[in-house]
Amino acid sequence: MFFYTFLALGLTSLTISVIKNKFAIRINIFLCFCSIVSYLLIDKTIALSLQVIISIFLIINWQRIFKDWIFIAYPIFGIIFTTFFGTNLSITGNQIWHVFIGPSGTISVITFYLVLRRSKNKLS
């Protein structure tokens, strides 16, 4: 429960950090709230679907602001690979998949750092 809650909160925070439109911010916060509540009351699948929508907003808004090709690494490692490894962990129960989930998630977070670092260098 906590993992998906904090994942929704983190994705939403990153998304709204670059948005100036108050309506778009409210929609993202609403989606975050719905994701958390749906996980608690309905099903994990719905929560994950809402998090995919939040991730799409994140990718669109960050790419629009920073225009950095390296940001493509985020959806590859943070969404595709991590989901693949997590699905295999859930299906098989084989804990070896945790070995792949951690580095994949780390690469996706490093992507944000690199985008911000490179944007700072462009401004200098």
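This section describes how helices α2, α3 and α4 pack in a predicted model, together with a loop and a salt bridge that accompany them.

Two packed helices are described by the angle between their axes and the distance between the axes. For helix α2, which spans residues 22-41, and helix α3, the axes come within 7 Å and cross at roughly 160 degrees. The two helices α2 and α3 are therefore roughly antiparallel to each other, since an angle over 145 degrees is counted in that class, and the handedness of their crossing is left-handed. On the α2 side the contact is formed by I27, N28, L31, C32, C34, S35, S38 and Y39, which meet K44, I46, A47, L50, Q51, I53, I54 and F57 on the α3 side. Sorted by residue type, the contact of α2 with α3 comprises 11 nonpolar, 4 polar and 1 charged residues.

Within this contact, C32 offers a view from the side of α2, the helix in which C32 is placed. The relative accessibility of C32 is 5%, so that C32 counts as buried, the cut-off for this class being under 20%. When neighbours within four places in sequence are left aside, C32 is in contact with A8, L9, T12 and I54, and I54 is one of the α3 residues that take part in the contact with α2. With respect to L89, C32 is 57 residues apart in sequence, and the separation in space is 25 Å from C-alpha to C-alpha.

The pairing of α3 with α4 was examined in the same terms. The axes of α3 and α4 come within 11 Å and cross at roughly 165 degrees, and these two helices are therefore roughly antiparallel to each other. The crossing in which α3 passes α4 is right-handed. The residues that make this contact are S55, L58 and I59 of α3, together with Y74, P75 and I79 of α4; by type they divide into 5 nonpolar and 1 polar, with no charged residue. S55, which is found in helix α3, has a relative accessibility of 6% and therefore counts as buried. Apart from residues up to four places away in sequence, S55 touches L11 as well as Y74 and I79, and the latter two belong to the α4 side of the contact between α3 and α4.

The loop between α3 and α4 contains K67, a residue that has a positive phi of about 45 degrees although it is not a glycine. With a relative accessible area of 60%, K67 is exposed. D68 lies in the loop between α3 and α4 too, but D68 is buried, with a relative accessible area of 2%.

A search of the whole structure finds 1 salt bridge, in which the side chains of R118 and D68 meet at 2.8 Å, N to O. Because R118 lies in helix α5 (residues 97-123) whereas D68 belongs to the loop between α3 (44-66) and α4 (73-92), the pair ties together parts that are 50 residues apart in sequence. The two partners are placed in separate accessibility classes: R118 is partly exposed, with a relative accessible area of 30%, while D68 is buried.

Notes
Residues are numbered from 1 along each chain as its sequence is written. This is a predicted model: local features need pLDDT of at least 70, side-chain atom pairs count only at pLDDT 80 or more; totals for chains, interfaces and linings use all residues. Side-chain values use heavy atoms; hydrogens and water are left out. A salt bridge is a side-chain nitrogen of Lys or Arg within 4 Å of a carboxyl oxygen of Asp or Glu. Helices (H or I, at least four residues) and strands (E, at least two) are DSSP runs, numbered from the N terminus. Buried means under 20% relative accessible area, exposed over 50%, partly exposed in between (1.4 Å probe, protein chains only). Axes are lines fitted to C-alpha atoms, for helices over the stretch in contact, and angles run from 0 to 180 degrees between N-to-C directions. Angles under 35 degrees count as roughly parallel, over 145 as roughly antiparallel, 65 to 115 as roughly perpendicular and the rest as oblique. A crossing is left-handed if the near helix is turned anticlockwise from the far one by less than a right angle, and right-handed if clockwise. Contact means heavy atoms within 4.5 Å. Ala, Val, Leu, Ile, Met, Phe, Trp, Tyr, Cys and Pro count as nonpolar, Asp, Glu, Lys and Arg as charged, and the others, Gly among them, as polar.
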